[in-house]
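I opened the model to look up its sheets, its cores and its unusual backbone angles. The entries below follow the order in which I went through them.

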Amino acid sequence: MNLASATTRLSSPESYVFTRSLEWATKQTPKGVEYRGIPGSWIPLPKHKPVVALICCPACNGMNGISEQVHSIDRDGKVTPEFRCTGTVHGIRCGFARPIYLAKWGKRTLYAVAYERVIQGRASAAIEYMHADDQLDAQRQFAAGHPEPHHVAGIAPVVGYFVEDTKGSKLSV
Ligand SMILES: [Zn+2]
């Protein structure tokens with residue numbers, strides 16, 4: 001018995017833990033962004049509510065959204081009700097169905113990103129909030145959601161904090 005199967009047996013005979021990917025490759029298509037997931041992993045989707053996460057099926061490599069309207073996710077990342085893959089392989093239903101966990105779901109910090117954006121030629125300061133593993137993760141999430149040119153003045157956890165941008169002005173959070 002290898003370590004992976006031993007761990008699975010200890011937690012629950014049927015459950016599957018998806019690892020958290022920092023990012024997946026994406027491709028811009030006329031219909032929008034297309035993800036190329038890593039099988040057995042998940043990524044957060046902070047800007048696509050009610051879909052809050054995408055998971056990539058370890059059996060068929062199909063993408064499945066985890067929607068707040070259908071699923072609830074507890075602090076440990078356990079998804080309820082049990083997951084059923086909607087993917088198909090050569091026209092046959094994948095059939096991957098079991099309780100799943102999203103690793104690192106509940107242990108994230110709320111970060112604030114202070115940035116400047118240009119709307120109709122005028123620059124304005126703005127702040128966006130997101131849960132992230134660390135500052136680099138927050139930066140990645142922000143960049144993924146903001147393909148347009150922008151200048152990030154600072155990123156930090158949201159507790160008693162302010163940042164100083166390159167011009168010396170302070171942006172309180
Ligand atoms: Zn599948």
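**Entry 1: the pairing of strand 12**

How many bridges join strand 12 to strand 13, and do they run parallel or antiparallel? I find eleven bridges between strand 12 and strand 13, which run antiparallel; two strands count as paired if DSSP finds at least two bridges between them. Helices (H or I, at least four residues) and strands (E, at least two) are taken as DSSP runs and numbered from the N terminus.

I note that this is a predicted model, in which local features need pLDDT of at least 70 and side-chain atom pairs count only at pLDDT 80 or more, while totals for chains, interfaces and linings use all residues. Residues are numbered from 1 along each chain as its sequence is written.

Looking for single bridge partners, I find S124 in strand 13 for R117. The hairpin of strand 12 and strand 13 has two residues between the strands, and in this hairpin Q120 takes a positive phi near 50°. Strand 12 (residues 109-119) is also joined to strand 14 by six bridges, and these two strands run antiparallel. Here V113 stands opposite I155 in strand 14.

**Entry 2: the three-stranded sheet and helix 2**

I then put these pairs together as an open sheet of three strands in the order 13-12-14, with antiparallel pairing. Strand 13 (122-132) and strand 14 (151-157) are the edge strands, since each pairs on one side only. From one strand to the next, the twist averages 15°.

Helix 2 (residues 135-145) packs on the sheet and touches strand 12, strand 13 and strand 14, its direction making about 125° with that of strand 13. For contacts I use C-beta atoms, placed from the backbone, that lie within 7 Å; for directions I use axes that are lines fitted to C-alpha atoms, for helices over the stretch in contact, with angles running from 0 to 180 degrees between N-to-C directions.

Which residues of helix 2 are buried? They are D137, A138 and Q141, and they lie on the same side of helix 2 because they cover an arc of only 100° around the axis. The arc is that of the directions from the helix axis to the C-beta atoms. A residue is buried if 20 or more other C-beta atoms, placed from the backbone, lie within 10 Å of its own, exposed if 12 or fewer, and partly exposed in between. What covers the buried residues of helix 2 includes strand 12, strand 13 and strand 14.

**Entry 3: the seven-stranded sheet**

I turned next to an open sheet of seven strands, which has the order 6-5-4-1-11-8-7 and mixed pairing. Its edge strands are strand 6 and strand 7 (72-73), each of which pairs on one side only. Strand 5 and strand 6 pair in the antiparallel sense over five bridges, and V51 has S67 in strand 6 as its bridge partner.

**Entry 4: the nonpolar cores**

Which residues of the largest nonpolar core touch the most other members? Of its 17 residues, these are F18, W42, A53, I55, V79, I100 and L102. At least two residues of this core come from each of strand 1 (16-20), strand 4 (41-44), strand 5 (51-56), strand 8 (78-84) and strand 11 (97-102). By a nonpolar core I mean a set of buried Ala, Val, Leu, Ile, Met, Phe, Trp, Tyr and Cys residues joined through C-beta atoms within 7 Å.

Leaving out residues up to four places away in sequence, I list F18, R20, W42, A53, I73, G77 and V79 as touched by L102. A second, separate core has ten residues, including Y111, A114, Y115 and A132.

**Entry 5: backbone angles worth a check**

I find a cis peptide bond between K49 and P50, with omega about 10°; P50 lies in the loop between strand 4 and strand 5. The peptide bond from T80 to P81 is also cis, with omega near -5°, and P81 is found in strand 8.

N61, a residue other than glycine, has a positive phi near 65° and sits in the loop between strand 5 and strand 6 (63-67). N61 counts as partly exposed because it has 16 C-beta neighbours inside 10 Å. H90 has a positive phi near 50° and is found in the loop between strand 9 (88-89) and strand 10 (92-93). With 5 other C-beta atoms within 10 Å, H90 is exposed.

How values were computed:
Two residues are in contact if their C-beta atoms, placed from the backbone, lie within 7 Å.
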